[in-house]
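I opened my notebook to follow how the strands are paired and what lies packed in the interior. I took the strands to begin with and left the core for afterwards.

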Amino acid sequence: MTAETFSPTVGVTMTPAAVAHVRKQLNNKPDARGIRLAIRKSGCSGFMYETEWVTEQGDDDAVFTVDNVDVYVERKHLAVVNGTEIDFIREGLNSMFHFRNPNATAECGCGESFSIS
């Protein structure tokens, strides 16, 4: 066994629906290179997800490529978002990203924020 056997896998994945949505958006944003997944302290549960289009990779970014779509995550957020699956869902007339985070221990009732123990 090597030391890598005991290293946690760090990553972010996307569903086919999320990949299709991001690709469509990137086609309309010629300067964008991918999407950033970030968190900030907010809401009633502690943290909130934020996404933004990335035009330039930051010095502290980890990049995960899913079906030729780049997802940027600042290394300081990796412990919280490790293993997160990004989905894109439609509910009636609304559409949004949905995050399945195995590290989240609770979510607020409105679904906007989550906590980590």
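Entry on pairing. In this predicted model, I looked up how β1 and β6 run against one another, and I found that they pair in the parallel sense over 3 bridges. When I searched β6 for the bridge partner of Val 12, I came to Thr 84.

Entry on the sheet. I then followed the strands outward and noted an open sheet of 3 strands, in the order β1-β6-β7, whose pairing is mixed. The edge strands are β1 and β7, the latter covering 94-100, and each of them pairs on one side only. From one strand to the next, I noted a twist that averages 25°. As a reminder to myself, strands of a sheet pair through backbone hydrogen bonds, either parallel or antiparallel.

Entry on the helix. I next looked up where α1 lies, and found that this helix lies across β1, β6 and β7, running at about 75° to β6.

Entry on the core. Which residues have the most contacts inside the largest nonpolar core? I listed Val 12, Met 14, Leu 37, Val 71, Val 73 and Ile 86, in a core of 25 residues. Among the elements that give two or more residues to this core are β1 (12-14), α1 (16-27) and β6 (84-91), and the largest share, 4 residues, comes from α1.

Entry on one core residue. I picked Val 73 and, leaving aside its neighbours within four places in sequence, I found it in contact with Val 12, Leu 37, Asp 60, Asp 61, Ala 62, Phe 64, Leu 78 and Val 81.

Definitions and conventions. Residues numbered from 1 in each chain as written. Predicted model: local features only at pLDDT ≥ 70, side-chain atom pairs only at ≥ 80, totals over all residues. Heavy atoms only, no water. Core = buried A, V, L, I, M, F, W, Y, C linked by side-chain atoms within 4.5 Å. Buried < 20%, exposed > 50% of the residue type's maximum accessible area, 1.4 Å probe, protein only. Contact = heavy atoms within 4.5 Å. Pairing = 2+ DSSP bridges. Axes fitted to C-alpha atoms, helices over the stretch in contact; angles between N-to-C directions.
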